[in-house]
Amino acid sequence: MAFASWTKSIGFAALVLVTAPMALAQTPPAPPVTAPTPSAQAAPAVAAPEAAAPAAAAEAAPADAAASALDSSYTPMAPTAGKGMPVDKGIDFQDQYSELGEYAHWLDTSVLLPIIVAISLLVLGLLIWIIVRYRAAANPVASRVTHNTTIEVIWTLVPVLILVGVAVPSIDLLAKQYKPAPADAVTVKVTGYQWYWGYSYPDNGDFEVVSNMLSEEDAAKRGEPHQLAVDNRMVVPAGEPIRIITTASDVIHSFAVPSLWFKMDAVPGRSNEKMLIIKEPGVYYGQCSELCGARHGFMPIAVEALPRAKFDAWVRSQGGTVKGDEVAAAAPAAAAPAAVSAAATTTPAAEGAAAAAAAPAAAQ
Ligand SMILES: [Cu+2]
């Protein structure tokens, strides 16, 4: 009974299609280098002319230089259109700005999607072939064959191989997502409230930033997308590991930023932890992703990743502490190199000037 036999095979193929997003064995892409590029390092900062002064000034007045090296200026970075936010008519994932996100995006577009499409087309083709070729009018005497060892072995083995092929990169990705942050990672404690977010920095004096959604007019004034823009962002350093700990004060929320491949529940009485490394400076938007009450849709997330020096400056602007500041203030001799490194983080426009300023300083 060829018909029954083929029906069985189609049923199996359909089962495979539904239950298994499969992969042919493929190797994951080489992990990109985590170090941010020099231009990324220099991108978003505001020029700090006092810090860019040549080291000669630092020698003349070491105390002044030490003070200016402890930059505490902060201007919210303007978001880049289409980066770290949804785009019009977008149907794919957002562009990814973390290594894990790039890996997961590759797994989806280069492994799962092709397999899903191929199996769907195969099943559709088989269905059409059977409907046409084995309809009663064209095939009045049905086959009475009930078993075919070869084909039964094939339709058992092929799905198994496909599943194993998917399991390899998939379990690898899962394991990487559970990798804990190193001991020296910056810790940010994210607390979900009805209906806003709080970000506290236990490694930097434990100050807390409360983050509320901006009104439509205020968001427009700042050139940011409405219902994603917030008054105070979660500011973090780019290109280095961040330990994010989520919790909540009332009901379950979920801290989720699609372009960073990050989503973790914030549960009252519990702390969940996950490492995040953002590849380059930028503003990345997300939203609470656990239905948490009346204003669930109005507690967006804005993560601003800055080069390390600018992050430190932001911490100081919030009244927080930066490791090493006491040393720099106490020992004016350390001021000159600090001034040079501060000079290196300026706007792209000021990059040349800063390099020029840094060169003689470095020569001394
Ligand atoms: Cu919520």
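## Copper site and its cysteines

Cys-288 has a relative accessible area of 6% and is therefore buried, where buried means under 20% relative accessible area, exposed over 50% and partly exposed in between, computed with a 1.4 Å probe on protein chains only. This is a predicted model, in which local features need pLDDT of at least 70 and side-chain atom pairs count only at pLDDT 80 or more, while totals for chains, interfaces and linings use all residues. Residues are numbered from 1 along each chain as its sequence is written, and side-chain values use heavy atoms, with hydrogens and water left out.

The SG atom of Cys-288 is one of the protein donors of the copper ion, together with His-253 (ND1), Cys-292 (SG) and Met-299 (SD), at 2.0 to 2.6 Å from the ion; donors are N, O and S atoms within 2.8 Å of the metal (3.2 Å for Na, K and Ca), and since water is not among the atoms, sites may look incomplete. The angles among the four donor atoms run from 94 to 125°, and the site of the copper ion is tetrahedral. Four donors count as tetrahedral if all angles lie between 85 and 135 degrees. Along the chain, the donors of the copper ion follow the spacing H-x34-C-x3-C-x6-M. Within this set, the pair His-253 and Cys-292 links distant parts of the chain, 39 residues apart, with His-253 in strand β6 (residues 253–257) and Cys-292 in the loop between β9 (282–288) and β10 (300–306). Helices (H or I, at least four residues) and strands (E, at least two) are DSSP runs, numbered from the N terminus.

Both His-253 and Cys-292 are buried, and Cys-292 counts as such because its relative accessibility is 4%. The structure holds zero disulfides, a disulfide being a pair of cysteine sulfur atoms within 2.5 Å.

## Strand β10 and its partners

Strand β10 is largely enclosed by the rest of the structure, because seven of its seven residues are buried. Both faces are covered: Pro-300, Ala-302, Glu-304 and Leu-306 are buried on one side, and Ile-301, Val-303 and Ala-305 are buried on the other. In a regular strand the side chains alternate between the two faces of the sheet.

Strand β9 is joined to β10 by six bridges, and the two run antiparallel; two strands pair if DSSP finds at least two bridges between them. In this arrangement Gly-286 stands opposite Ile-301 in β10. Strand β4 (residues 234–237) runs parallel to β10 and is joined to it by four bridges, with Leu-306 in β10 as the bridge partner of Pro-237.

## The five-stranded open sheet

An open sheet of five strands, with mixed pairing, has the order β3-β2-β1-β5-β8. Strands β3 and β8 (272–276) stand at its edges, each with a single partner strand, so one side of each is left without a neighbour in the sheet. From one strand to the next the twist averages 25°, where axes are lines fitted to C-alpha atoms, for helices over the stretch in contact, and angles run from 0 to 180 degrees between N-to-C directions.

Five bridges join strand β1 (residues 186–193) to β2 in an antiparallel arrangement, and Lys-189 stands opposite Ser-200 in β2. The loop between β1 and β2 holds Trp-195, which is joined to Gln-194 by a cis peptide bond with omega of about 0°.

Asn-204 is placed in the loop between β2 (196–201) and β3 (207–211), and it counts as buried because its relative accessibility is 7%. Not counting residues up to four places away in sequence, Asn-204 touches Val-186, Val-315, Gly-320, Thr-321 and Val-322, contact meaning heavy atoms within 4.5 Å.

## Helix α6 and backbone exceptions

His-105 lies in helix α6 (residues 99–133) and, with 16% relative accessibility, counts as buried. Beyond residues up to four places away in sequence, His-105 touches Asp-92, Phe-93, Gln-94 and Gln-96.

Most residues other than glycine have a negative phi, and most peptide bonds are trans. Lys-89, in the loop between α5 (62–69) and α6, has a positive phi of about 60° although it is not a glycine, and its relative accessible area of 83% makes it exposed. Trp-261, in the loop between β6 and β7 (262–266), likewise has a positive phi, near 55°, but with a relative accessible area of 23% Trp-261 is partly exposed.

How values were computed:
Tetrahedral: all angles 85-135°; square planar, octahedral: opposite > 155°, others 65-115°.
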